[in-house]
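Visitor: Got a minute to walk me through this one? I'd like to begin with the surface.

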Amino acid sequence: MSINYLNHGNLFTSNITYSIIIVYSILLGGEKMLGKVNQEVIDIEVPGIRVFSNRVTQYEDGVNLTIGEPDFSTPENIKRVGIEAIHKNHTGYTHNAGLLELREAVASFFYDQYHLSYNPENEIIITNGVSQGIDSILRTILQPGDEVIIPAPIYSAYEPIVHLLGAKVIYLNTADNQFQPDPEELERLITDRTKAVILNYPCNPTGTVLSKDLMDEIAAVLDRHEIFVLSDEIYSENMFFEEHHSFASYSELRDKLFLLHGLSKSHAMTGWRIGYILGPKYLMEQVLKVHLYNVICASTPGQYAAIEALQNSRNSPDEMNKAYIERSEYVYKRLKDMGFEVEKPVATFYIFPSIRKFSVSSLEFAERLLEEYHVAIVPGSAFTEFGEGSIRISFANSLENLKEGMDRIEQFISSL
Ligand SMILES: Cc1ncc(COP(=O)(O)O)c(C=O)c1O
């Protein structure tokens with residue numbers, strides 16, 4: 001059964017489509033329990049990123065520029081410690097919050113790197129990636145009817161969780177402001193129903209980093225209201241030219257802020273599933289209850305590998321960043337030479353050029369580029385409606401692939 005998952009934002013059409021599918025399935029006698037499934041789940045769309053990366057595999061000469069993970073292998077020493085952990089039978093559950101040794105390693109890393117102090121005993125929880133951290137925090141704080149403000153375009157994984165909890169996402173459009181959230185607009189969107197703000201800087205998909213001045217202004221707004229702050233800083237080690245500033249460094253936000261981070265991007269460890277939440281003790285006690293009933297603990301061999309990463313491989317991100325910088329400069333120059341309007345990347349491994357001048361939707365651009373030139377990129381509309389008018393290209397890819405991809409994009413746009 002083929003369903004067009006890409007029709008973002010058109011829930012009305014998708015509801016009708018699903019109703020037809022349900023009736024059709026019932027008539028045929030299959031999938032008859034689909035109508036009993038939580039409607040919020042039925043309404044969730046498969047992420048646009050996955051759709052294009054799956055489809056490009058059907059072409060032998062396909063070039064996949066959708067990839068949201070480092071194209072490097074996990075460093076050897078980290079792999080070795082993970083394997084040794086299995087041989088030493090470190091294969092049972094750990095403390096629900098994670099191995100104390102790992103929480104201590106996380107605490108030292110954040111202290112050394114960002115001068116942030118979190119108590120490993122009760123202010124850090126090791127999660128199965130940032131993804132599960134987001135889920136556990138949102139399930140701890142949200143109730144039906146709550147609102148969550150998120151600057152957009154943005155990574156698509158926050159909204160479905162908010163919806164599943166009966167709460168609502170209010171997007172703060174940054175597309176007309178060089179992808180920077182306007183603090184006044186943020187303040188305007190805050191209502192009695194606002195429960196939390198989710199921030200993600202450096203940002204996926206735009207690569208945007210906020211200036212210290214802008215962060216000061218945003219922190220001042222957040223300080224004035226009784227709302228939680230979730231700061232997903234998973235790309236903080238992928239800053240190319242400047243130091244990262246964390247929202248957790250604002251002491252006035254300390255008692256309501258959750259800092260999310262992990263090893264997926266910094267140490268090429270996406271499959272190990274190790275992330276962490278840092279937050280104030282009185283809130284982390286509550287999050288821990290949700291976390292432990294959901295997953296008991298993070299993967300044990302992965303936690304041992306993570307200790308090695310944080311203690312002995314702190315320079316791994318710098319090595320990967322060298323490659324990202326070279327690739328980003330190449331892709332940026334090629335796109336500029338082709339006439340794209342685009343910001344030079346300063347962080348992450350994404351570039352987010354505008355395609356407005358071609359007068360096609362980002363979905364049509366992506367569809368045609370894939371079908372006619374076998375290059376997969378992600379349409380901006382996969383990152384909320386505010387991503388429309390742009391495309392996301394990942395440069396977590398070899399220079400050779402990037403060159404091939406750019407050559408084909410050049411041919412494609414000359415056909416538009
Ligand atoms: C902004 C952002 N947060 C979280 C994640 C997921 O991270 P993890 O692998 O730690 O679950 C991603 C993955 O692409 C991401 O881009």
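Visitor: Which residues form the nonpolar patch on the surface?
Guide: V37, V41 and L164. Together they have about 200 Å² of accessible area. Keep in mind that this is a predicted model.

Visitor: Where is V37 found?
Guide: In the loop between helix 1 (11–28) and helix 2 (39–43). V37 has a relative accessible area of 34%, so it counts as partly exposed.

Visitor: New topic. How many salt bridges does a search of the whole structure find?
Guide: 21. One of them joins E371 and R55, with the closest N and O atoms 3.1 Å apart.

Visitor: What does that pair tie together?
Guide: E371 lies in helix 13 and R55 in helix 3 (residues 48–56), so the bridge links parts 316 residues apart in sequence. E371 is partly exposed at 43% relative accessible area. R55 is partly exposed too, at 22%.

Visitor: And D71, which side chain does it meet in a salt bridge?
Guide: That of R327, at 3.0 Å from N to O. D71 sits in the loop between strand 1 (63–64) and helix 4 (76–87), and R327 in helix 12 (residues 316–337), so this pair ties together parts 256 residues apart.

Visitor: Is R327 buried or exposed?
Guide: Buried, with a relative accessible area of 8%. Its partner D71 is partly exposed, at 35%.

Visitor: What about R188 and E185, where do they lie?
Guide: Both are in helix 8 (residues 183–189), three residues apart, about one turn of the helix. Their side chains meet in a salt bridge at 2.7 Å, N to O. R188 is exposed at 57%, while E185 is partly exposed at 25%.

Visitor: Which residues are linked in a network of salt bridges?
Guide: R334, K403, D407 and E410.

Visitor: Back to helix 13. What should its 12 residues span?
Guide: 16 Å, at 1.5 Å a residue. The end C-alpha atoms of helix 13 (residues 362–373) are 16 Å apart, which agrees. Its buried residues include F365, L369 and Y373. Just after the helix, H374 takes a positive phi of about 60°.

Visitor: Now sheets. In what order do the three strands of the open sheet come?
Guide: 9-12-11, with antiparallel pairing. Strand 9 (350–351) and strand 11 (378–379) are the edges, each pairing on one side only. Two bridges join strand 9 to strand 12 (residues 391–394). I351 stands opposite I393 in strand 12.

Visitor: Last one. How many disulfides does the search find?
Guide: Zero. Cysteines C203 and C297 are both buried, C203 at 4% relative accessibility and C297 at 8%.

Technical notes
Residues numbered from 1 in each chain as written. Predicted model: local features only at pLDDT ≥ 70, side-chain atom pairs only at ≥ 80, totals over all residues. Heavy atoms only, no water. Disulfide = S-S within 2.5 Å. Buried < 20%, exposed > 50% of the residue type's maximum accessible area, 1.4 Å probe, protein only. Patch = residues over 30% accessible without salt bridge, like charges linked within 9 Å, V, L, I, M, F, W, Y side chains within 5 Å. Areas by Shrake-Rupley, 256 points an atom, 1.4 Å probe, with all protein chains shown as cover. Salt bridge = Lys/Arg side-chain N within 4 Å of Asp/Glu carboxyl O. Helix = DSSP H or I, 4+ residues; strand = E, 2+ residues; numbered from the N terminus. Pairing = 2+ DSSP bridges. Expected span 1.5 Å × (residues − 1).
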